[in-house]
Amino acid sequence: VRLGLEGDELVDTIRIEMRVRPDARTYGVTLEDAADYRGRFVSHRADLDIGDVDADGWAIATVGYDQLVPSVFGVLVDAPAFDPATAREFGIIIADGIDGDFALDIDWIDACP
């Protein structure tokens, strides 16, 4: 799932927090900024760090921008660190490489200073 950003949504933030109800799958976050590598936009990616799950199955998942790794089509590239001031796109991906059913409920997403 991807969401195009207008460009100023992540200014002055250092991490993404989400309240999620996960299944047993591994999920990741992708963020795209103005960086490019050989004419392709760089995708900065990290797995969601899902905290303790409460009695209803909800947890707070976080991704710090300093955890993001730059890649193009899944291949690591030498690119500048993610720049929230030039953010173009936010995405959530299944990050375990396994085909099959999945379920990730999301209550809210917040960009945090």
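Student: How much space lies in the second largest pocket of this structure?
Tutor: The model is a predicted one. Strand 1, strand 9 and strand 10 each supply at least two residues of this pocket's lining. The space in the second largest pocket is about 210 Å³.

Student: Which strand gives the most to the lining of the second largest pocket?
Tutor: The residues that line the second largest pocket include Leu-3, Phe-90, Gly-91, Ile-92 and Ile-109. Strand 9 covers residues 89-94, and Phe-90, Gly-91 and Ile-92 are among the lining residues. With three residues, the strand that gives the most is strand 9.

Student: How many residues in the lining of the second largest pocket are nonpolar?
Tutor: Gly counts as polar and Arg and Glu as charged, so Gly-91 falls in the polar class, and Arg-2 and Glu-9 in the charged class. By class, the lining has one polar and two charged residues, and the number of nonpolar ones is nine.

Student: How much space lies in the largest pocket?
Tutor: The largest pocket has a lining of 16 residues. Nearest its centre are Arg-2, Thr-30, Glu-32, Ser-43 and Phe-73. The space in the largest pocket is about 370 Å³.

Student: Which strand gives the most to the lining of the largest pocket?
Tutor: Strand 3, strand 4, strand 7 and strand 9 are the elements that give two or more residues to this lining. By class, the lining divides into seven nonpolar, four polar and five charged residues. The strand that gives the most, with four residues, is strand 4.

Student: Which residue in strand 7 is the bridge partner of Ser-43?
Tutor: Strand 4 covers residues 40-47 and strand 7 covers residues 69-72. The two strands pair in the antiparallel sense over three bridges. In strand 7, the bridge partner of Ser-43 is Ser-71.

Student: Which strands are the edge strands of the open sheet that strand 4 and strand 7 belong to?
Tutor: Six strands form this sheet, with antiparallel pairing, in the order 1-9-3-4-7-8. An edge strand pairs on one side only. The edge strands are strand 1 and strand 8.

Student: Is Gly-4, in strand 1, buried or exposed?
Tutor: Gly-4 lies in strand 1, residues 2-4. Its relative accessible area is 55%. The cut-off for the highest class is over 50%, so Gly-4 is exposed.

Student: Which residues is Gly-4 in contact with, leaving aside its neighbours within four places in sequence?
Tutor: Leu-31 is 27 residues from Gly-4 along the chain, and their C-alpha atoms are separated by 9.9 Å. With neighbours within four places left aside, the contacts of Gly-4 are Arg-88 and Glu-89.

Student: Which residue in strand 6 is the bridge partner of Glu-17?
Tutor: Strand 2 and strand 6, residues 59-64, run antiparallel and are joined by six bridges. Strand 5 and strand 6 also pair in the antiparallel sense, over two bridges. In strand 6, the residue opposite Asp-49 is also the bridge partner of Glu-17, namely Thr-62.

Student: Which residue meets the side chain of Glu-17 in a salt bridge?
Tutor: The structure holds seven salt bridges. In the one that involves Glu-17, the N to O distance is 3.0 Å. The partner has a relative accessibility of 26% and counts as partly exposed; this residue is Arg-15.

Student: How many residues apart are Arg-19 and Asp-107, which form a salt bridge?
Tutor: The closest N and O atoms of Arg-19 and Asp-107 are 2.8 Å apart. Arg-19 is in strand 2 and Asp-107 in strand 10, so the pair links distant parts of the chain. Their separation is 88 residues.

Student: Which residue is linked with Arg-19 and Asp-107 in a network of salt bridges?
Tutor: Arg-19 is partly exposed, at 23% relative accessibility. Asp-107 is also partly exposed, with a relative accessible area of 42%. The residue linked with these two in the network is Asp-54.

Student: Arg-25 forms a salt bridge with Asp-96; is Arg-25 buried or exposed?
Tutor: The closest N and O atoms of the pair are 2.6 Å apart. Arg-25 lies in the loop between strand 2 and strand 3 and Asp-96 in the loop between strand 9 and strand 10, so the pair ties together parts that are 71 residues apart in sequence. Asp-96, at 24%, is partly exposed. Arg-25 has a relative accessibility of 12%, under the 20% cut-off, so Arg-25 counts as buried.

How values were computed:
Residues numbered from 1 in each chain as written. Predicted model: local features only at pLDDT ≥ 70, side-chain atom pairs only at ≥ 80, totals over all residues. Heavy atoms only, no water. Salt bridge = Lys/Arg side-chain N within 4 Å of Asp/Glu carboxyl O. Buried < 20%, exposed > 50% of the residue type's maximum accessible area, 1.4 Å probe, protein only. Contact = heavy atoms within 4.5 Å. Pairing = 2+ DSSP bridges. 1 Å grid on protein atoms, 1.4 Å probe; cavity = no way out; pocket = protein on both sides within 12 Å on 5 of 7 lines; lining within 4 Å. Points joined across faces, edges and corners; volume = space filled by probe spheres on them.
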